[in-house]
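Subject: Structure handover

Hello,

Here is the structure I said I would pass on. My notes on it follow below the entry.

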Amino acid sequence: MALTVQDFKDILNVGIQLTVEKDDNKLLNTIVEKGMQITKCDAATLYLYEDDVLKFRIMRTISQNVYRGLDGTPITDIPPVPFKEENVCAYTAIHRKVVNIADVYDCDEFDFSGPKKYDAMTGFRTQSMLVIPVENTTGELIGVFQMINAQDESGKVIPFDAQFEIIIRSLGSLAAVELSNIQYVQQIKKQLHSFVEAMATAIDERTPYNGSHTRNVAKYATILAKKMDEKTVLGEFDEVFDEDRIERLQLAALLHDIGKMIIPRSVMNRATRMDKDMAALEDRIALLKCYYEIDALKGKISEETYKEKAALLTDIIDFVHRIDNVGFLQQEDFDRVQEIAKLYYEKEDGEKVFYITERERVCLSVRKGTLTDEDRKIMESHVTMTAKILSKVYFSKNYINVPRWAAEHHEYLDGSGYPNHIQGDALDVETRILAIADIYDALTASDRPYKPPMPKAKACAILHSMANEGKLEERFVGWLEEAVMSDDEQK
C-alpha cells in the first residue's frame, strides 16, 4: 500500500509535534498515538528500558477499550519483560533490529505464549506485529515500541507494510532524542534544586534559633502565590502562577538568606541583649563586690557603705537579667541603664572600673530585639552578600530573575527597605511576595528565643499596618491572611 501525500504530511507533522513537546508523559503518548495512526493498527505497547528489563509504560488496544499508562500511572501488575532472546521485544532491544511478523501464530522463532494466553482470556486475536527498538542518536536504548494488528480500510487485519519500519523507527528515534533532552533538563533542574536545598540547609544549620525559616518562607510564598492564582481565575487578579513560576519563586525563597553564610555567629545567634557577654558582666560585678569588701577590711570605707555597694551591685545584676530578654525596653529601664553606665569603682592607681562597659551599655539599651545598630547593619548586609554570592552562580534564562528576587526580599514599596531602597513598580510581584512571607514567618516563628510566637491574626494585623504605611502590597497581605486563616478552619 503506497503512502499518499497526506500520509507524508501527517508524518512530518508528527515529527514537528515530537520536537516541541516538553512533557515526557505527553511525548510518550504522542509516539504511541501517532504511530498507531500512521500504521493504522489496533493495539500498541511501549516499553521503557530500566534496570536491564523492559517495563510496560503505555498499553493501548482500541477494540478492547484498553488504555493504560496514558496519565503516567505506572503499570505494576504486569511483570517486566526479561532480557531473553525468546521474547520478541527483548530480541529487538538486544540486537537493535526491527521485527515484522505477519502472524504470530505461524511464527516459531519467538515465545508467544503470553499473547496467546491473553487472547484465550479476552477473545482478542493477536496477529500481525511490528516491533521496533527506540534509541537516541548516541545509540542508547530507551525502550521498545510494539504495534499489533495493522488494518486495511475495511478493518481487516493485515501484515505491517515494510515501508512503515523505517518511518516508525525514525519517529521512535526522534522521540527518544526528545525524551533524552527532557530527561537531561530534568536532571539539570534536579541538580539545581539539590544545590539550593544544600545551601538552604547550610544557612539554617548556622543558627539554632530559626532552623526552619528558609523553608517556611518558601512555604508561605507558595501558599500566597497559589491563592493569587485562584484570584486570577476569579477575575480579581491578572497574573498566572503556573508550576514553572511557582518553582522559580520557591528557589528564590530558598536562596533569600544565603548571604547569612558570612554573618558572624555572634550576631546571627544573639539570643538576648547580652547573650554570651553576660558571663563577663557577672564576673565583673562579683569582682567589684570583692574590691569594696577589701576596702571595708582596710578601713577605707565603712561596713555600712560596703553593704550598700554590695546591695546595689546585686540589684544591678538582677536588673540586667530582667531586661536582658524583654521584648521591648521601657523608657524607665532605658534611663536606668544610662545611669548605671556612669557608675564606676576607682582603684588605688586611679584606674576606673565601670560597672558596665560601653559595649554593654549599648547592648542593654536596645529598645526592641537583641541587636545593636552596629549588629543590625552587619545583619542587614546579608542581602548584599546574597546578591554577590548568587552573581557567581550561572542561572539559565528561565531562572534569570531568581537571584534578584532573593536579594530584594527586604525592599519595601515605599523605598524604605534595604539595601537599595527600590520602590513601587520596580519591585516584581515575586519580590513583594517574598517580603510578606519573610515577615510573616519572622512574626509567627516558634523557635526565636527572644520572643514568643505571635498568633496568626496579630501577625496579619501587623502586615496590614505595614501595608497601610505603604511598605507592603495590601491585596497580597489580605490574600495571605485569607489562605492561612482558612487553613486553620479546615484543620
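Strands β2 and β3 make a hairpin, with four residues between the two strands. In that turn, asparagine 65 has a positive phi of about 55 degrees. Please keep in mind that this is a predicted model. β2 and β3 run antiparallel and are joined by three bridges; threonine 61 has valine 66 of β3 as its bridge partner.

β2 (residues 53-61) has other neighbours too. Towards β4 there are two bridges, and the two strands are again antiparallel. Valine 53 is paired there with proline 82 of β4. With β1, strand β2 pairs over eight bridges, also in the antiparallel sense. β1 and β2 form a hairpin as well, with two residues between them, and aspartate 51 in its turn has a positive phi of about 55 degrees. Two of the pairs across β1 and β2 can be named: threonine 45 stands opposite methionine 59, and tyrosine 47 stands opposite phenylalanine 56.

β1 (residues 41-50) also pairs with β7 (residues 141-151), antiparallel, through seven bridges. Threonine 45 takes part here too, with glutamine 146 as its bridge partner in β7.

How much of these strands is covered? In β1, eight of the ten residues are buried. In β2, eight of the nine residues are buried.

The second largest pocket involves several of these strands. Its volume is about 820 Å³, and 30 residues line it. Those nearest its centre are Tyr47, Phe56, Ile78, Gly114 and Pro115. Tyr47 and Phe56 are the pair already met as standing opposite each other. The elements that each supply at least two lining residues are β1, β2, β3 (66-68), β4 (81-82), α3 (88-95), α4 (113-122) and β7. By class, the lining has 19 nonpolar residues, seven polar and four charged.

Now to the helices. α15 covers residues 429-444, which makes 16 residues. From first C-alpha to last it reaches 23 Å, close to the 22 Å expected at 1.5 Å a residue. Of its 16 residues, 15 are buried, so α15 is largely enclosed by the rest of the structure.

Histidine 213 is in helix α6, which covers residues 213-233. Is histidine 213 buried or exposed? Its relative accessibility is 4%. Because buried means under 20% relative accessible area, histidine 213 counts as buried. Its side chain makes a polar contact of 3.5 Å with the side chain of aspartate 257.

Isoleucine 294 lies in helix α9 (residues 278-298). Here the relative accessible area is 40%. That value falls between the 20% and 50% cut-offs, so isoleucine 294 is partly exposed. How far apart are isoleucine 294 and proline 452 in sequence and in space? They are separated by 158 residues in sequence and by 44 Å in space, taken from C-alpha to C-alpha.

If you want somewhere to start, look at the hairpin of β1 and β2, then at the second largest pocket, to whose lining both strands contribute.

Regards

Conventions
Residues are numbered from 1 along each chain as its sequence is written. This is a predicted model: local features need pLDDT of at least 70, side-chain atom pairs count only at pLDDT 80 or more; totals for chains, interfaces and linings use all residues. Side-chain values use heavy atoms; hydrogens and water are left out. Buried means under 20% relative accessible area, exposed over 50%, partly exposed in between (1.4 Å probe, protein chains only). A polar contact is a pair of N or O atoms within 3.5 Å; within protein, one must be able to donate a hydrogen and the other to accept it, and residues adjacent in sequence count only if both atoms are side-chain atoms. Two strands pair if DSSP finds at least two bridges between them. The expected span of a helix is 1.5 Å times one less than its number of residues. On a 1 Å grid over the protein atoms alone, a cavity is a set of points where a 1.4 Å probe fits but cannot get out, and a pocket is an open set with protein on both sides within 12 Å along at least five of seven lines; lining residues have an atom within 4 Å of a point. Grid points are joined across faces, edges and corners, and a volume is the space filled by probe spheres set on the points. Ala, Val, Leu, Ile, Met, Phe, Trp, Tyr, Cys and Pro count as nonpolar, Asp, Glu, Lys and Arg as charged, and the others, Gly among them, as polar.
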